[in-house]
Amino acid sequence: MAEFSTPCLIIGAGPAGYTAAIYASRANLSPILYEGHQPGGQLTTTTEVENFPGFPTSVSGPQLMMDMRAQATTFGADIRSGMISKVDFSQRPFTVTVDNGDVVKAATVIIATGASARYLGLPDEEKYSGMGVSACATCDGFFYRGKTVAVVGGGDSACEEALYLSSLAKKVFLIVRKPFLRASKVMQERVLKNEKITVLFNCNTLGLFGEPNLQGAKLIENQGMENEQIFDIAIDGFFLAIGHTPNTEVFKEYIRLDENGYIKLEPGSSMTNVDGVFAAGDVADPRYQQAISAAGMGCHAAMDAERYITENDLR
Ligand code: NDP
């Protein structure tokens, strides 16, 4: 166990964390950044990224993240591996404990721990991950132009994804486990009157099939009822939209969260309710959840941290 100190600790290694590290290191804040179990974040699970500006013919998600990481280290960011197991934001400097027992004392902290898309937990989701199974229609929908896809979920995200995909795909199935949609009325109406979308109410997914590419899903309707039936649908893509879980568990004692666990920011800034603790990216953004918006938020957080450090003479 060792103790370190830094003017700026960044927790999380997605576009928000790496961008914060680039800005903080260029501002001479000698940032330490901790990468958790998935260095690079959610983008490392996608294949081609076509909507990050600056890459006319697309870039692979893992490559983009490796480049962001390299850019941060070029300017001196100290990138380490480890999960944060405990924080104490009640005293300054803040104390952050890593799972290997190391302790970091930090004048400012930038939380960029992201959100994890929820999956159903089927082994087939892993088998076809990035090759037919996706949790981001905006990222991967383009690959299903003129094809047939399914979206799982009945909330606003699922409706939004189904509507987005209907502008690209030939046909969209929306697989809803209840007999109704949970989404807002306006979204429900849009989905229900869209001729390309077929809503399959009371349905759950049992598995996926196809070799080598995804060719279909096995569904069960009215599970456990007299009229239960199992049937297949032919699909090329299977999109999960059953919610995201923001990675805020370790901070919740100190940081104000919304009802879904996302960090609440002071309007128009990256500031949390604790002076000197900032947040960036999906962990504080239930609405957009895009790599480019997360990167922008990382920039804001580093600039806010720099200003805070200068104003309080904490270098
Ligand atoms: P929600 O939690 O609102 O909805 C999740 C959906 O997934 C529900 O229909 C739920 O079913 C279903 N689901 C959950 N687990 C499973 C499972 N294991 N199998 C099958 N279905 C499952 O999440 P969203 O991501 O849709 O939305 C999160 C928040 O963000 C909401 O407050 C939403 O309003 C908001 N949002 C707003 C948008 C906008 O304003 N444009 C766009 C997107 C999101 P069930 O209903 O049975 O629980």
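The chain in this predicted model is divided into two domains: domain 1 takes residues 3–117 together with 244–311, and domain 2 takes residues 123–240. Taken over C-alpha atoms, the centres of domain 1 and domain 2 are separated by 32 Å. Eight residues of domain 1 and seven residues of domain 2 make up the contact.

Let me turn to that interface. The size of an interface is often given as the accessible area lost when the parts come together. Between domain 1 and domain 2 the buried area is about 640 Å², and carbon and sulfur atoms give 51% of that area. On the side of domain 1 that touches domain 2, one residue is nonpolar, five are polar and two are charged. How many salt bridges are there between domain 1 and domain 2? The count is zero. The count of residue pairs in polar contact between domain 1 and domain 2, with both residues at pLDDT 80 or more, is also zero.

I now move to Y254 and its surroundings. Y254 is found in the loop between β18 and β19. Which residues does Y254 touch, leaving aside those up to four places away in sequence? They are V87, D88, F89, S90, N273 and V274. With D88 the contact is polar, side chain to side chain, at 3.4 Å. With F89, Y254 forms an aromatic pair, with 5.7 Å from centre to centre and 55 degrees between the planes, and the pair is classed as tilted. F89 lies in the loop between β6, residues 84–88, and β7, residues 94–98, while Y254 lies in the loop between β18, residues 244–246, and β19, residues 277–279, so the pair ties together parts that are 165 residues apart in sequence. The structure holds six aromatic pairs. A contrast with L240 is instructive: Y254 and L240 are 14 residues apart in sequence, yet their C-alpha atoms are 31 Å apart in space.

The next topic is backbone geometry. Most residues other than glycine have a negative phi, and most peptide bonds are trans. Against that background, I draw your attention to four places. The peptide bond from R92 to P93 is cis, with omega near -10 degrees, and P93 is in the loop between β6 and β7. E211 and P212 are likewise joined by a cis peptide bond, with omega about -10 degrees; P212 is in the loop between β14, residues 203–209, and β15, residues 216–221. S30, a residue other than glycine, has a positive phi near 45 degrees, and S30 is placed in the loop between α1, residues 15–26, and β2, residues 32–35. D313, also not a glycine, has a positive phi near 55 degrees and lies in the segment after α7, residues 291–311.

Finally, let us return to E211, this time for its side chain. What is the partner of E211 in a salt bridge? The partner is K127, and the closest N and O atoms of the two are 2.7 Å apart. This pair links distant parts of the chain, with E211 in the loop between β14 and β15 and K127 in helix α3, residues 123–127, 84 residues apart. Across the whole structure, the search finds seven salt bridges. E211 thus appears in two settings: in the cis peptide bond to P212 and in the salt bridge with K127.

Key: Residues are numbered from 1 along each chain as its sequence is written. This is a predicted model: local features need pLDDT of at least 70, side-chain atom pairs count only at pLDDT 80 or more; totals for chains, interfaces and linings use all residues. Side-chain values use heavy atoms; hydrogens and water are left out. Domain bounds come from an automatic or database domain assignment. Contact means heavy atoms within 4.5 Å. Buried area is the accessible area (1.4 Å probe) that two parts lose on being put together, summed over both. A salt bridge is a side-chain nitrogen of Lys or Arg within 4 Å of a carboxyl oxygen of Asp or Glu. A polar contact is a pair of N or O atoms within 3.5 Å; within protein, one must be able to donate a hydrogen and the other to accept it, and residues adjacent in sequence count only if both atoms are side-chain atoms. Ala, Val, Leu, Ile, Met, Phe, Trp, Tyr, Cys and Pro count as nonpolar, Asp, Glu, Lys and Arg as charged, and the others, Gly among them, as polar. Rings of Phe, Tyr and Trp (its six-membered ring) pair if their centres lie within 6.5 Å; planes under 30 degrees apart count as stacked, over 60 as edge-to-face and the rest as tilted. Helices (H or I, at least four residues) and strands (E, at least two) are DSSP runs, numbered from the N terminus.
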